[in-house]
Amino acid sequence: MELRPFRNSDPPAVCRLWDACGLGPGASSRLSVEEFDYYVLSQPHFAAEGLILAVEDDRVIGAVHACLPITTPGWEPRGSQGVISLVLVHPAYRRRGIGRQLVDAAGEYLCGRGCREVLAGETHPTNPFYLGLYGSAASAGFLMSDFAAEPFFKACGFGEYRRWQVLGRSLERASEPFDPRVVANRRKYHLDLRDLPPNATARWVSREGRLEGLWAGLLADGDPLPVASCTVWPMRVRSESQCGRVMGVTELFVPAAHRRKALAKTLLLDLFRALRADQTTAVEMVVPMEDTATKCLAQLLGFTPVDTGIVYYRRLTEIVTPSVE
Ligand SMILES: CC(C)(COP(=O)(O)OP(=O)(O)OC[C@H]1O[C@@H](n2cnc3c(N)ncnc32)[C@H](O)[C@@H]1OP(=O)(O)O)[C@@H](O)C(=O)NCCC(=O)NCCS
């Protein structure tokens, strides 16, 4: 078995590997070359040396995808922190140490280019490639529904960095919780849906924009500044597995001066109304495990847990051999 960087002729083999891996419900069940190209290869920060393949007799049997901090404006690079976005080993080759060798090779790649720490699992704002193909409404690390990921990364010496709750709810129920503040807010503000946020960043355009995302804001007439906003985008992966149209809600934000006035609730209820009219059957959100405010709001609105995502962390000097340092 040899480890080598990605070559231009590899996409069909990488897609076959992805399909064979039998990833859980948060992943696209069949990855086409066109999708791989659109979501991953065409990103300006894609570097072939970061996508390392395990090859035996010309057959791709494993892959790891590492990314250096992205310095494009709007991407908020995290100092010297690199990311392992993906690790896959063909089921017929598991428990032979190939996954561990791939993670070590990703560590050497990142360390050799100045990174001193690595996160395993994409998460905002370090989600360079797989949002839309893996995860939920937002990148949430590696999902627990991919049951091998947690014991694997712990065995590779990674600790837990952050935990996310994936929440979902159906939109088929028409009645929503009553709150008089929502009625009052609706007299004052209206829902505005746009295909670009007022201050769109390069990151938003190349991630959420690429996923046909819409910006939703609650605005008072004549005031350009929203009192609550979020992004909403069609989740093709979940829509396939649930046989309905599932939308992801992300980047929910209420400015500090407007909090505790039921404005997030008003925004989401108005958005659900608009989505329901547009044949959406369910919505999904990702909330940091420690964010009790958003979790309470989601519970009030009828969301229930669907999955858990974990991001792992390791200092790179602990991974690589001294000769690489
Ligand atoms: C996770 C994955 C990459 C591991 O690949 P692998 O080549 O089997 O891993 P290794 O053989 O290097 O395992 C190293 C250690 O991790 C742990 N480990 C790996 N898979 C495990 C599992 N299914 N259950 C418990 N521990 C596991 C073990 O401690 C193992 O050492 P051991 O075999 O000596 O006990 C592989 O199972 C896979 O491709 N899964 C599907 C894809 C996935 O979930 N990727 C993460 C999200 S993209």
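1. Let's start with Arg 95, which sits in the loop between S4 and H3. Please keep in mind, as you look around, that this is a predicted model. The backbone of Arg 95 is worth a look: its phi is near 60°, a positive value in a residue other than glycine. A backbone N or O atom of Arg 95 also lies 2.8 Å from an oxygen atom of the ligand.

2. Arg 95 has company at the ligand. A polar backbone atom of Gly 97 is 2.8 Å from a ligand oxygen, and a polar backbone atom of Arg 100 is likewise 2.8 Å from an oxygen atom of the ligand. How much of the ligand's accessible area does the protein cover? On its own the ligand has 920 Å², and the protein covers 80% of that.

3. Next, the wider surroundings of the ligand. There are 20 residues around it, and those that come nearest are Val 89, Arg 95, Gly 97, Gly 99 and Arg 100. Sorted by class, the shell holds 13 nonpolar, 2 polar and 5 charged residues.

4. Which helices and strands should you follow to find this shell? Strand S4 (81-89), helix H3 (98-112) and helix H4 (149-155) each contribute at least two residues to it. Arg 95, in the loop between S4 and H3, is among the residues that come nearest to the ligand. As for the site itself, the ligand takes up the space of the second largest pocket.

5. Away from the ligand topic, do visit His 124 and Pro 125. A cis peptide bond joins these two residues, with omega at about 0°. To find Pro 125, look in the loop between strand S5 (117-120) and strand S6 (142-143).

6. Finally, step back to the whole protein chain, which has 9 helices and 13 strands. Its C-alpha trace spans about 65 × 40 × 30 Å along the principal axes. How does the radius of gyration fit with a compact globule? For 325 residues such a globule would have a value near 20 Å, so the 21 Å of the protein chain agrees with it.

Conventions
Residues numbered from 1 in each chain as written. Predicted model: local features only at pLDDT ≥ 70, side-chain atom pairs only at ≥ 80, totals over all residues. Heavy atoms only, no water. Near = heavy atom within 4 Å. Polar contact = N/O pair within 3.5 Å; in protein donor to acceptor, adjacent residues only side chain to side chain. Areas by Shrake-Rupley, 256 points an atom, 1.4 Å probe, with all protein chains shown as cover. 1 Å grid on protein atoms, 1.4 Å probe; cavity = no way out; pocket = protein on both sides within 12 Å on 5 of 7 lines; lining within 4 Å. Sits in = over half its atoms within 2 Å of the grid points. Helix = DSSP H or I, 4+ residues; strand = E, 2+ residues; numbered from the N terminus. Nonpolar A, V, L, I, M, F, W, Y, C, P; charged D, E, K, R; others polar. Rg over C-alpha atoms; globule rule 2.2 N^0.38 Å.
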